[in-house]
Amino acid sequence: MAKRDLYEVLGVEKTASLDEIKKAYRKLAMKFHPDRNPGDKAAEESFKEVGEAYAVLSDDQKRARYDRFGHDGPAMAGGGGAGGFQGFDFGEGFNPFDIFESVFGGRFGGDIFGQHGRGSRRGTPRGSDLSLELKLTLEEIAEGTTKKVKVKILVPCETCHGSGSRSSQTETCTRCNGTGEVRQAADSIFGRIVNITACPACNGEGKIVKDRCPDCQGGGVKRSEKQISLRVPAGVSSSNFQRLDGEGNAARGGLPGDIIVHFAELPHELFTRHGDDVFYEMEITYPQAVLGASIEVPTLSGPVKLSVPSGTTPGKMFRLRSKGIPHLSGQGNGDQLVRVTIFVPKKVGSRERKLLEELDEGDNSKSTAEKPIFRKIRDFFN
């Protein structure tokens, strides 16, 4: 299978600056990060691929060698052997998460508290993360809220205190030969990548219990349910998430995982959100549009009065400053945009019809093209 061009992987031109390369990497790394694509092997491979591409193109010397020799660098350079360029760290030492953290500074861009999760030392088991969706109304997003959520979770077994053993007797794990590590090799664009993970048979301990706990069958953990209290700051969106360190599933003899909370915005019957602005469509009568009026308009913080000037036409947009969603940074609010539509009744009585016909014959009802204004309004709505 042909190896993809590194510039193509990041979606940049060969003349791209370092800032452009970093910007492209940040976008793709966020898109394919395993935390956002749990269980998606294709996304995981793409995450590794963009990490490899960035590792080369962000380094002037490596980029120059790649530009000169491409993927066949060692052969064209007259040496190097199999497995990619000499000096390109795409062997056992390469970790796409190290690249990610070097670029994001430990932050996963959508995480509202800037937490990236806690890595574990090699050989130290770590419980799995839990992912949940928290649905919020627009009012809760505008004001901030505290939610209590029940989650099903793995907790340490009380009988064996999380050890998995009825006694202290253990034996060497036959799968990892006591190292606590297993190695998996996979082909990459620069050769083979060896991924080292904790042994699943012994959870990275290198030993397995001989006398299993009867309550947890040696797993050291049991299923349970707990309630978590989650503080949601004002201004979050569906692109944000929050990581709760150490609140996830327990692991025998290791660290607990995390809970990753993804925010979801519920549809609103009145408002539509656009960034931190909210949009509202307001219907007024023809007399109010012609004569002007003071109209009460709903907002997320309560009703306010809006002055509609005389001669307002359909589609006119008004802006209510700072009546939108608070900025997540805590500095200021978005606005509320109010678009005017004019109510046209489907049926009118004989008296209203007569008045409308008289008005339609008046001089003020003609447009610059001598077109009756009511036909103009009718055409607009049609």
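In this predicted model, helix α3, which spans residues 41-57, packs against helix α4, residues 60-69, at an angle of about 100 degrees, and their axes lie 6 Å apart. Because angles of 65 to 115 degrees count as roughly perpendicular, α3 is described as roughly perpendicular to α4. On the α3 side the contact is made by Ala55, Val56 and Leu57, and on the α4 side by Lys62, Arg63 and Tyr66. Sorted by character, the residues of this contact comprise 4 nonpolar and 2 charged, with no polar ones.

Elsewhere in the chain, an open sheet is built from 3 strands in the order β1-β9-β8, and its pairing is mixed. The strands β1 (130-136) and β8 (241-244) stand at the edges, where each has a single partner strand, so one side of each is left without a neighbour in the sheet. From one strand to the next, the twist averages 25 degrees. Strands of a sheet pair through backbone hydrogen bonds, in either a parallel or an antiparallel sense. Here β1 and β9 pair in the parallel sense over 7 bridges, with Leu134 standing opposite Phe263 in β9. On the other hand, β8 and β9 (residues 259-265) run antiparallel and are joined by 4 bridges, and Gln242 stands opposite Val261 in β9.

In a regular strand the side chains alternate between the two faces of the sheet. Along β1 this alternation can be followed residue by residue, since Leu130, Leu132, Leu134 and Leu136 point to one face and are buried, while Ser131, Glu133 and Lys135 point to the other face and are not buried.

In soluble globular proteins, nonpolar side chains tend to be buried together. The largest nonpolar core of this model has 36 residues, and those with the most contacts inside it are Leu134, Ile259, Val261, Phe263, Met282, Ile284 and Val338. Leaving aside residues up to four places away in sequence, Ile259 touches Leu130, Leu132, Val151, Ile228, Gln242, Arg243, Leu244, Glu247 and Gly248. A second core, separate from this one, has 25 residues, including Ala16, Phe47, Tyr54 and Leu57; Leu57 also belongs to the contact of α3 with α4.

The loop between β8 and β9 holds Arg252. This arginine counts as buried because its relative accessibility is 6%, and the cut-off for buried is under 20%. The C-alpha atom of Arg252 is separated by 8.8 Å from that of Gly218, although the two residues are 34 residues apart along the chain.

Methods
Residues numbered from 1 in each chain as written. Predicted model: local features only at pLDDT ≥ 70, side-chain atom pairs only at ≥ 80, totals over all residues. Heavy atoms only, no water. Pairing = 2+ DSSP bridges. Helix = DSSP H or I, 4+ residues; strand = E, 2+ residues; numbered from the N terminus. Axes fitted to C-alpha atoms, helices over the stretch in contact; angles between N-to-C directions. Buried < 20%, exposed > 50% of the residue type's maximum accessible area, 1.4 Å probe, protein only. Core = buried A, V, L, I, M, F, W, Y, C linked by side-chain atoms within 4.5 Å. Contact = heavy atoms within 4.5 Å. Parallel < 35°, antiparallel > 145°, perpendicular 65-115°, else oblique. Nonpolar A, V, L, I, M, F, W, Y, C, P; charged D, E, K, R; others polar.
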